[in-house]
Amino acid sequence: MRGAWHRGALALGCSSLLLQVFEARPLQAEPFVTTPRVQADYMLNCMGCHLADGSGAAGKVPSLRDSLVPLAMSSAGRRYLVQVPGVSQSLLSDRQLAQLLGWMVRNLSARSVPPGFADFTAAEIAGYRKSPLVNVRETRARLLTPGGALRLPQQSPQQRPDSVRAPRPSGA
């Protein structure tokens, strides 16, 4: 009986000591930081192959770093970006894909975004994603080679008949 009393007293003493420790130092909660939804969409849908910085895997997954801006500045390149199977067959909505592609151009590209860049629209995504590409590598290579279907950003928008221009403000 005496052993049980000692164990009970010891347990009570330990409990009391623990309460004093926790009262003396309240638990500090870590600050909760949320990831913006569009960045989370990239992380969940693209980053597994294209990596966190868009650099891809040499010989397997193309880097987005040098190609996003030139591709996003022509209608053929924009069509390509949407028709890539991972994009066209994504479960993301047309609006979410439009926002994601705009985010990628602005945040993953090693090239600066020219002033004439127009964001992707949900209607544009809906139109292009109906027919996914089959020859992805060949199409990308053709679009990015000198003399290919792209007109690179060194030219002004007025010199690029196939460029996508920013919409004009209403009343202009």
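Is proline 70 buried or exposed, and what is its relative accessible area? In this predicted model, in which local features need pLDDT of at least 70, side-chain atom pairs count only at pLDDT 80 or more, and totals for chains, interfaces and linings use all residues, proline 70 is buried, with a relative accessible area of 1%. Residues are numbered from 1 along each chain as its sequence is written, and side-chain values use heavy atoms, with hydrogens and water left out. Buried here denotes a relative accessible area under 20%, exposed denotes over 50%, and partly exposed covers the range in between, as computed with a 1.4 Å probe on protein chains only. Proline 70 is placed in helix H4, and its C-alpha atom lies 9.7 Å from that of valine 105, although 35 residues separate proline 70 and valine 105 in sequence.

The chain as a whole contains nine helices and zero strands, where helices (H or I, at least four residues) and strands (E, at least two) are DSSP runs numbered from the N terminus. Read along the sequence, the pattern is accordingly written α-α-α-α-α-α-α-α-α. Of the 172 residues in the chain, 30% are buried. Among the contacts with a separation of 6 or more, 67% are between residues 24 or more positions apart, a contact being defined by heavy atoms within 4.5 Å. The exposed area of the chain is about 11,400 Å², and carbon and sulfur atoms supply 59% of it; accessible areas come from the Shrake-Rupley method with a 1.4 Å probe, and for residues only the protein chains shown count as cover.

Two packed helices are described by the angle between their axes and the distance between the axes. Helix H2 (residues 37-45) and helix H7 (residues 94-108) have axes that come within 9 Å and cross at roughly 90 degrees, the axes being lines fitted to C-alpha atoms, for helices over the stretch in contact, with angles that run from 0 to 180 degrees between N-to-C directions. H2 and H7 are therefore roughly perpendicular to each other, given that angles under 35 degrees count as roughly parallel, over 145 as roughly antiparallel, 65 to 115 as roughly perpendicular, and the rest as oblique. On the H2 side, Arg37, Val38, Gln39, Asp41 and Tyr42 meet Gln96, Gln99, Leu100, Trp103, Met104 and Leu108 of H7. By class, the residues of this contact divide into six nonpolar, three polar and two charged, where Ala, Val, Leu, Ile, Met, Phe, Trp, Tyr, Cys and Pro count as nonpolar, Asp, Glu, Lys and Arg as charged, and the others, Gly among them, as polar.

Within this contact, valine 38 of helix H2 is buried, with a relative accessible area of 16%. Apart from neighbours within four places in sequence, valine 38 is in contact with Gln99, Leu100 and Trp103. The C-alpha atoms of valine 38 and glutamine 96 are separated by 7.4 Å, while the two residues are 58 residues apart along the chain.

A second helix pair is formed by H5 (residues 75-83) and H9 (residues 136-144), which pack at an angle of about 155 degrees with their axes 11 Å apart. H5 and H9 are therefore roughly antiparallel to each other. The contact involves Ala76, Gly77 and Tyr80 of H5 together with Val136, Thr139, Arg140 and Leu143 of H9, and by class it has four nonpolar, two polar and one charged residues.

Threonine 139, placed in helix H9, is buried, with a relative accessible area of 13%, and touches Tyr80 and Leu133 when residues up to four places away in sequence are not counted. Leucine 133 itself lies in the loop between helix H8 (122-128) and H9 and is likewise buried, at a relative accessible area of 18%. On the same basis of excluding residues up to four places away, leucine 133 touches Tyr80, Gln83, Val84, Pro85 and Thr139. Leucine 133 and arginine 79 are 54 residues apart in sequence, and their C-alpha atoms are 9.6 Å apart in space.

Most residues other than glycine have a negative phi. Leucine 51, by contrast, has a positive phi of about 65 degrees although it is not a glycine. Leucine 51 is found in the loop between helix H3 (47-50) and helix H4 (68-72) and is partly exposed, with a relative accessible area of 37%.
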